[in-house]
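Hello,

Here is the structure I promised to pass on. Please open it alongside this note, and my findings follow below.

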Amino acid sequence: MGQYGPGDPANERMAPRPDEAGLLAGARAGNHEALSELFHQYGQQMLDVAYRTTGSTHDAEDVVQDIFAGLPEALRGYDGTGSFGAWLRRLVARVSLLWLRRERRRSRRDQRAAEEGAGEVSPVSVEARLTLERVLKRMPVELRSVYVLKEVEGYPHADVADLLGISIAASQTRLHRARHFLRDRLRGKL
Amino acid sequence: MIWITGHPGFRRLSRFADGELRAREQARVASHLADCPRCREDVALVRRMARAARTMPTPRASDELLQQALARRAASERVLLPTTDAGAPATARPRTARTAAIAAMLTLLVGSLVVSVRMLEADRPDLRLHPEGPVAGEVLSVEYHGGALFADQTHLKLRARYRTATDRQWQLLAGILVRGDDGLYRTDVALPDSVVYAAFAVEDLYGERLDSNNRQLWDIMVRGDDGTPTLDAMAARLRDLERRDWGEAYDVAREMTERYPDEPRSWATRFSYELGLFDRDSVFDTHRAEFRRLEKRLSEDPRPEPQAMGWLASYALGLGDIASASTWVDRAGEQGRHLSIVAESEMMLLALRHEGDLELILSELEDLWTAVEGGSVAIANLGWQTAKDLGEPATMHRWLDRYLVHRPREDVLLLADAADATPEMVSFTTVWTAERLPYLQRRNDGLRPLHVSQDDHLRRETAEIQGFLAKVGSIALENGDTETAESLAMKAKDLGWNSRGLLELSAIFLAVGDTAEATRLLARAAADPLWTSAAEERGDDLSNANATHWQKMLTSARNDLRSDVLDAAVLRYLPGGVDLRSESRPVQLTDVIRERVTVLVFLSRYSAPAIDQLESLAELSQSLDGMGADLVLLDIDDMGPLARSLVESSPTIRVFSDFSGSARSALGSSKTPDIFVVDESGRIRFEHSEIGEVLRQVEALQHLRGTGVQIAHAYRP
């Protein structure tokens with residue numbers, strides 16, 4: 001693993017809860033109450049990951065919905081040895097990437113799509129974030145996926161490479177190209 | 001290592017920010033940063049960008065999302081999720097007998113479930129160009145994933161449209177894509193040195209099936225030394241987009257002013273777009289201020305470029321500042337006269353100065369034409385228009401030939417226009433037509449737009465030529481030249497389905513005494529709902545003479561037209577889960593279709609062509625209403641009062657907001673106006689921007705609905 005180990009804040013965001021084993025057993029059996037509880041615990045974080053990766057509210061919601069529609073079956077592949085939060089986050093990233101590849105040809109979206117989301121307080125101005133979001137949406141998919149996974153989701157290059165099916169060197173190169181792409185468009189605006 | 005520019009490159013700085021450099025190099029960059037604010041800012045920007053990306057606002061996860069997922073489960077829908085990583089191709093483990101057996105079991109399992117097809121379907125087609133931003137003359141590696149569309153093809157054609165900095169453009173077969181063992185198609189394309197912009201599409205070897213990326217094409221702009229698109233490349237892209245996506249072209253114009261704020265060309269171009277979009281006074285105020293800034297800057301430049309002076313003159317002309325335009329044209333002087341922008345500004349000035357003196361204008365235009373390098377379409381156009389007004393055939397011929405070098409596609413339109421002008425034009429046009437007829441009738445694949453199949457192109461071309469020949473024939477008839485009229489009508493009658501042309505041809509056959517042919521052609525025109533009343537008005541005598549025969553002819557013509565229209569139909573399902581809004585209330589796109597044939601039109605207030613269509617849409621809504629079909633406008637960016645006034649004048653039009661872009665994305669719409677004709681079951685059958693085509697298509701679908709016949713002509717994935 002790279003700089004983000006199991007105790008890293010990036011993984012803490014989806015940390016397991018004490019009563020999780022029972023919850024997961026219920027979800028595995030397809031129990032709607034258990035699935036609802038998992039949604040309330042992880043839904044927002046899942047949507048965040050999906051949204052940053054796909055760049056679209058609509059796609060992100062479809063990704064999360066698909067995951068909950070298939071989670072009981074998918075949970076049979078989770079043996080409980082690692083953090084459930086990390087497993088789920090990886091699953092969201094993987095499904096989002098598949099979605100993104102499939103949807104790659106779709107037309108560029110209006111900037112207004114970016115304005116749908118609720119704002120949150122941050123040292124970076126709202127205008128700057130919207131500008132960044134607009135530019136990110138224009139970035140070629142292969143660069144954006146690396147940029148989001150590495151810079152935003154905090155995955156090390158080795159994990160990014162695994163998720164995307166590319167080499168570590170390619171992940172590094174794409175990250176630099178992504179930054180170059182952003183720098184050209186954001187210089188003086190951020 | 002010595003840094004050539006005296007600074008580490010951005011990639012090195014980016015690697016420094018990640019601590020990826022060797023210790024010695026890391027220290028060296030750190031030492032440089034201590035003294036270099038520019039590079040320090042680059043490193044800081046890398047970090048600021050990441051921070052901003054982490055704090056981007058995200059949508060709220062609503063309970064509705066969960067309820068929908070649970071409802072899908074309750075309906076026995078399951079999704080197979082990818083619970084293992086893809087694995088890099090280079091490091092993928094060989095597939096063992098055991099994993100193959102598991103895969104086979106999984107396949108059986110899948111068969112027993114209702115699986116979400118969306119997650120399992122093959123990737124849609126996609127084309128990648130490398131490098132994405134080439135330098136002039138570079139070789140592009142092209143990789144194409146054909147998806148289901150070309151599953152049976154081992155070779156595909158890569159067609160391209162190239163554009164140069166001097167506004168030359170041509171289309172060609174750029175290469176043959178060959179499918180490799182991995183299923184991807186590849187080829188290399190060497191860009192000519194002069195090309196600054198290229199757009200691509202893929203098709204099968206017969207030009208029947210094609211992938212134009214939802215009519216957006218795939219394109220590249222040539223980059224300069226700094227790695228960003230050159231101004232010439234951006235201008236070429238803008239020109240390419242002008243006709244296929246006006247809104248995107250306007251975006252490019254704005255981007256030009258952001259990237260090249262000190263170039264008069266950027267602002268002159270942006271001005272020409274904004275004139276049609278915003279309040280005229282505010283546009284002029286803003287641009288006059290920009291003009292003054294640029295003029296001051298250029299005045300202070302000891303050696304201003306003639307090109308920049310030419311664009312400043314052009315900007316001044318747009319703003320109505322003739323004095324400034326003259327000043328800058330004079331300053332550009334003889335040394336800049338070979339540049340088209342300088343010559344065209346001079347042309348505008350001379351046309352204003354000598355208005356009415358056609359011979360003097362033509363004489364000065366000859367000088368300009370000789371001076372300008374590579375020709376100028378604007379000068380050729382003014383030369384042609386002036387020569388046409390003068391009515392002297394030799395001069396007209398000369399200017400027409402010059403114009404058509406640049407706009408070969410417009411020949412028939414120009415001549416049809418010219419033939420109407422004066423009696424003297426008739427013989428000129430008929431002679432010209434006779435000379436050019438073999439050329440007009442020849443299939444010219446170089447003129448076929450990248451997004452149009454060979455069949456569709458042929459259909460459009462022949463309809464256009466039919467209209468042209470009919471027009472010239474009509475004029476010949478009006479001038480008593482019956483022989484020429486009949487000869488042209490014979491050539492045109494079965495070429496295509498140009499309803500206006502068919503009306504004119506019918507009149508020619510009637511005049512020469514061939515009543516049977518006149519009735520047949522009139523019935524064909526009347527079969528087109530857009531022309532029914534005009535045809536019936538003109539053909540009262542013919543239709544009343546033998547009502548039974550007329551009805552038979554009309555029925556036969558309608559069947560022919562439906563067949564012609566449905567030949568070009570597509571078959572695509574309207575996607576579910578697409579949210580629109582109506583007066584702040586959410587509505588599903590699929591609910592908008594009320595079991596009626598529905599015409600969906602995307603409109604934007606930032607698209608002049610879309611605004612121009614509003615009046616036609618009001619008329620269209622009345623016709624559709626009479627046919628039992630609906631017109632729905634999808635407003636992508638708040639048309640506001642424009643939409644309201646349209647609805648007030650045409651209450652049957654329904655307007656929905658698609659501000660989030662979800663309908664645009666789901667339908668693959670990339671421009672405005674963009675039209676989707678959907679049948680009563682919610683299947684998309686036609687997609688285009690030709691409002692004049694809509695009624696024919698709706699009529700054909702309504703007829704299908706009545707007969708229960710299904711047409712499964714579906715090449716789109």
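A helix here is a DSSP run of H or I with at least four residues, and helices are numbered from the N terminus. In that numbering, Tyr51(A) sits in helix α3 of chain A. Please keep in mind that this is a predicted model.

**Tyr51(A)**

Tyr51(A) is buried, at a relative accessible area of 2%. The cut-off for buried is under 20%, so Tyr51(A) qualifies. Val63(A) lies twelve residues away from Tyr51(A) along the chain. Their C-alpha atoms are 9.0 Å apart. Tyr51(A) also helps to line a cavity, which comes up below.

**Chain A overall**

Chain A has ten helices and zero strands. Its pattern along the sequence is α-α-α-α-α-α-α-α-α-α. There are 190 residues in chain A, and 63% of them count as buried. Take the chain A contacts between residues at least 6 apart in sequence: 68% of these join residues at least 24 apart.

**The second largest cavity**

How many cavities of 30 Å³ or more does the structure hold? There are two. The second largest has a volume of about 50 Å³. Chain A supplies Tyr51(A), Arg52(A), Gly55(A), Glu133(A), Leu136(A), Lys137(A) and Arg144(A) to the lining of the second largest cavity. Met56(B) is also in that lining. Two elements give two or more residues each: α3 (32-54) and α7 (126-138), both of chain A. Which of the elements gives the most to this lining? That is α7(A), with three residues. By type, the lining residues of the second largest cavity divide into three nonpolar, one polar and four charged.

**Chain B overall**

Chain B has 717 residues, and buried residues make up 50% of them. Its secondary structure comes to 31 helices and 18 strands. For chain B contacts with a separation of 6 or more, 65% come from residues 24 or more positions apart.

**Two helices in chain B**

Start with α9 (residues 264-274) of chain B. Ten of its eleven residues are buried, so this helix is largely enclosed by the rest of the structure. The buried residues include Arg265(B), Trp267(B), Arg270(B), Phe271(B), Tyr273(B) and Glu274(B). What covers the buried residues of α9(B)? The cover includes α7 (231-244), α8 (246-259), α10 (280-300) and α11 (306-318) of chain B.

Next is α16 (residues 393-406) of chain B, with 14 residues. From first C-alpha to last, α16(B) reaches 20 Å. That is close to the 20 Å expected at 1.5 Å a residue. Buried in α16(B) are Thr395(B), Met396(B), Trp399(B), Leu400(B), Arg402(B), Tyr403(B), Leu404(B) and His406(B). An α-helix has 3.6 residues a turn, so residues three or four places apart point the same way.

**Cysteines**

A search of the whole structure finds zero disulfides over all chains. Cys36(B) is in no disulfide, and its nearest cysteine sulfur belongs to Cys39(B), 3.6 Å away. A disulfide needs the two sulfur atoms within 2.5 Å, so this pair does not count as one. Cys36(B) is buried, with a relative accessible area of 6%. Cys39(B) has Cys36(B) as its nearest cysteine sulfur, again at 3.6 Å. Cys39(B) is buried too, at a relative accessible area of 2%.

**Backbone points in chain B**

Two loops deserve a look.

- His130(B) and Pro131(B) are joined by a cis peptide bond, with omega about 0°. Pro131(B) lies in the loop between β3 (126-130) and β4 (139-145) of chain B.
- Leu217(B) has phi near 60°, a positive value in a residue other than glycine. Leu217(B) falls in the loop between β9 (210-211) and β10 (218-221) of chain B. Leu217(B) is buried, with a relative accessible area of 6%.

**A loop aspartate**

Is Asp528(B) buried or exposed? At 2% relative accessibility, Asp528(B) counts as buried. Asp528(B) is placed in the loop between α22 (515-526) and α23 (532-538) of chain B. Leaving out residues up to four places away in sequence, Asp528(B) touches Ser499(B), Leu561(B) and Arg696(B).

Best wishes

Terms used
Residues are numbered from 1 along each chain as its sequence is written. Chains are lettered from A and ligands numbered from 1 in the order in which they are written. This is a predicted model: local features need pLDDT of at least 70, side-chain atom pairs count only at pLDDT 80 or more; totals for chains, interfaces and linings use all residues. Side-chain values use heavy atoms; hydrogens and water are left out. The expected span of a helix is 1.5 Å times one less than its number of residues. Buried means under 20% relative accessible area, exposed over 50%, partly exposed in between (1.4 Å probe, protein chains only). On a 1 Å grid over the protein atoms alone, a cavity is a set of points where a 1.4 Å probe fits but cannot get out, and a pocket is an open set with protein on both sides within 12 Å along at least five of seven lines; lining residues have an atom within 4 Å of a point. Grid points are joined across faces, edges and corners, and a volume is the space filled by probe spheres set on the points. Ala, Val, Leu, Ile, Met, Phe, Trp, Tyr, Cys and Pro count as nonpolar, Asp, Glu, Lys and Arg as charged, and the others, Gly among them, as polar. Contact means heavy atoms within 4.5 Å.
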